[in-house]
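Hi everyone, thanks for coming. I'd like to walk you through a structure that may be new to you, so please have a look at it with me.

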Amino acid sequence: MSADAPAWEQHSTARVVSPVQPRKLAKVPFVELADGRLQGVVSSGSDIERVYVSSVTAGTHTYDCSTNNNRPCGGLYGAPCKHLRLLVDEAVTQYGLDRVAGYLRAEVGDDGDLIGALGGGVERTSAAMVFSRFLRHLAYLELPGTTAPLPELHWFPAGEAR
């Protein structure tokens, strides 16, 4: 163990942070702070079978939005599109403004406008990794309810049943 590392980094597990507020999953079914980005999946407003993978990079505040097969979002014209705005709003609902702004290293004014504090431009990124993680999360929803351990999650320690 290192005296320089925070206590949570010295353990093999990280605590799960409860959402700040309950979220509705219809518009933004997946949102995460990972890989140095705020990223997630946003449902299309016009086509029920289309989703967009949107992301904002921490520090540079560059952003991207494309369909899950990497077709660029038609609303991304030098400013964040509606999908990015929905993603940011849902991230704030999930994690809280302070945590999201801190993760993105964004200076938010008194008005609390996080999307307005992001000054980056468009930078194309691959949607594949984020969409793959989303599909992985969906696969867990298809499993029957059980208290038995899941083989692929065997490395998580057993916790208290509540």
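Let's begin at R37: its bridge partner in strand 3 is T57. Keep in mind as we go that this is a predicted model. That bridge belongs to the pairing of strand 2, residues 37-43, with strand 3, residues 51-57, which is antiparallel and runs over 7 bridges.

Now zoom out to the sheet. It is an open one, made of 4 strands in the order 1-2-3-4, with antiparallel pairing. Strand 1 (30-34) and strand 4 (63-67) are at the edges with a single partner strand each, so one side of each has no neighbour in the sheet. From one strand to the next, the twist averages 15 degrees.

What lies across the strands? Helix 1, residues 82-95, lies across strands 1, 2, 3 and 4, at about 115 degrees to strand 2. Helix 2, residues 97-104, packs on the sheet too, where it touches strand 1, strand 2 and strand 3, and its direction makes about 120 degrees with that of strand 2.

My last stop is the aromatic rings. How many aromatic pairs does a search of the whole structure find? There are 2. In one, the ring centres of F30 and F134 are 5.9 Å apart and the planes are at 50 degrees, so this pair is tilted. Because F30 sits in strand 1 and F134 in helix 3 (residues 128-141), the pair ties together parts 104 residues apart in sequence. F131 and F134 also form a tilted pair, with 5.9 Å centre to centre and 45 degrees between the planes. Those two residues, F131 and F134, are both in helix 3, about one turn apart, and both are buried. Put together, F30, F131 and F134 make one aromatic cluster. Thanks for listening!

Definitions and conventions. Residues numbered from 1 in each chain as written. Predicted model: local features only at pLDDT ≥ 70, side-chain atom pairs only at ≥ 80, totals over all residues. Heavy atoms only, no water. Pairing = 2+ DSSP bridges. Axes fitted to C-alpha atoms, helices over the stretch in contact; angles between N-to-C directions. Contact = heavy atoms within 4.5 Å. Phe/Tyr/Trp six-rings, centres within 6.5 Å; stacked < 30°, edge-to-face > 60°. Buried < 20%, exposed > 50% of the residue type's maximum accessible area, 1.4 Å probe, protein only.
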